[in-house]
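Please open the model in a viewer and keep the selection panel at hand. The tour below proceeds from one selection to the next.

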Amino acid sequence: MTIRWGIVTSGKISHDFVNAFNSFPDVGDQVIAAVAARDKSRAEEFAKTHKIAKVFASYDEMAMSSDIDVAYIGALNPDHFKLSKLFLECGKHVLCEKPLCMNYKETESLLSIAKSKNLFIMEAVWSRFAPSYMALEKEIQSGKLGDVQFVEVNFGVPIANVDRLRKKDLGGSAVLDIGIYTLQFAQFVFREEPVKVTAFGEINNDGVDVVDTIILEYSGNRRAVLNVNAKIRLWNKATVYGTKGRVTVEDPFHFPDTLIHNDGNVEKFSLHTSNQKYNFGNSAGLVYQALEVARCIKQGLNESPRMSHKESLLLAKLRDMVRKQVGVHFEVDDKEV
Ligand SMILES: NC(=O)C1=CN([C@@H]2O[C@H](COP(=O)(O)OP(=O)(O)OC[C@H]3O[C@@H](n4cnc5c(N)ncnc54)[C@H](OP(=O)(O)O)[C@@H]3O)[C@@H](O)[C@H]2O)C=CC1
Ligand SMILES: O=C(O)[C@H](O)[C@H](O)[C@H](O)CO
């Protein structure tokens, strides 16, 4: 059974996703079959660049077609819910860019739609499928670090002037865009809901967070301190500290190629290189989530155990809590889904 992908939007991350997919040595029995954009000419240009066979004049047309099995949603944050819902209601599986939705309410509603349709959906937290994250998980579970007590993560990139980051109506928010990676890292390590969330930050003149400092407290006085910054570049690394030692995930921690183990051993993870041009760092790694999606669909799974629905719900809950404390409110927060 060939898994046929439909790319939803002709944007930057859609470009990177398709490049990562097409440059990987072996994606198995799956293909990028079609693309749709708000404007057909943009979809045609995208299809020409990426040699995609089918172009649709609209998202709706592709959703209703029988030419695809799974949609990759590369739209702006406010459109994730409605587009994922559209494709689910047309019987298509979905891989939707992070954040899955604008808030917990939308997330819960979307996941229940997928469940009712017995369809696969996953939030594209691509970090979880990095080979280096598998090695990190092994190191933590090996006991070499002892009992994990503390995690610190930085994610700072000077993108506060990018419209989709700085404008509330485009879903702008540092915690939605890059803070999610720090939250998912802490949850990847501690695997339980924090008992307390404390957050403070800075908001721009559109009421959007551009800096967030987040402290997650877990059972047994364990903690994570997360620094999120859309104004300046930070040393974007993560460190996991235990009673016997520590492991450092080098910059960019959200899709790393280097782990520094407790014994000082530096472990490298090479990404497939190609002459493709990417918009974002380490985007060649975007293919690993596609391999997982295909695996799950072929096994009849509705979710991936590595980025589960429960995890997406918890991340949405934590983002809502951070936004409330920092003072970021979206119109969608007041609406029934
Ligand atoms: N996993 C990762 O590493 C990354 C993930 N992302 C995520 O991907 C998503 C898209 O980011 P990115 O690709 O940089 O975004 P882009 O600015 O490239 O926009 C993506 C698409 O959104 C649509 N769009 C653009 N502007 C508007 C607007 N004003 N109103 C409505 N729709 C609009 C267009 O769709 P169309 O083509 O149909 O016209 C566009 O192609 C975000 O949710 C972000 O979180 C982003 C970067 C990295
Ligand atoms: O998902 C991401 O990586 C974010 O959307 C960032 O905005 C981007 O990567 C900037 O580095």
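Begin by selecting isoleucine 73, which stands opposite cysteine 96 of strand S5. The coordinates viewed here are those of a predicted model.

Next, extend the selection to residues 70–73, strand S4, and to residues 93–97, strand S5. These two strands pair in the parallel sense, over four bridges.

Now display the whole sheet to which S4 and S5 belong. Six strands make up this open sheet, and reading across gives the order S3-S2-S1-S4-S5-S6, with parallel pairing. Select 54–56 and 121–124 in turn: these are S3 and S6, the edge strands, each of which has a single partner strand, so one side of each lacks a neighbour in the sheet. On average, neighbouring strands of the sheet are turned by 25° against each other, direction ignored.

Residues 40–50 should be selected next; they form helix H2, which packs on the sheet. Helix H2 touches strand S1 (3–8), strand S2 (30–36) and S3. The direction of H2 makes about 165° with that of S3.

Finally, select ligand 1 and show its surroundings. How many residues surround ligand 1? There are 24, and the closest are Ser10, Arg38, Tyr59, Asn77 and Lys98.

Three distances may then be displayed, each starting from an oxygen atom of the ligand:

- to a polar backbone atom of arginine 38, 2.8 Å;
- to an N or O atom in the side chain of arginine 164, 3.0 Å;
- to an N or O atom in the side chain of aspartate 177, 3.4 Å.

Taken alone, ligand 1 exposes 910 Å², of which the protein buries 84%.

Technical notes:
Residues numbered from 1 in each chain as written. Chains lettered and ligands numbered in written order. Predicted model: local features only at pLDDT ≥ 70, side-chain atom pairs only at ≥ 80, totals over all residues. Heavy atoms only, no water. Pairing = 2+ DSSP bridges. Axes fitted to C-alpha atoms, helices over the stretch in contact; angles between N-to-C directions. Contact = heavy atoms within 4.5 Å. Near = heavy atom within 4 Å. Polar contact = N/O pair within 3.5 Å; in protein donor to acceptor, adjacent residues only side chain to side chain. Areas by Shrake-Rupley, 256 points an atom, 1.4 Å probe, with all protein chains shown as cover.
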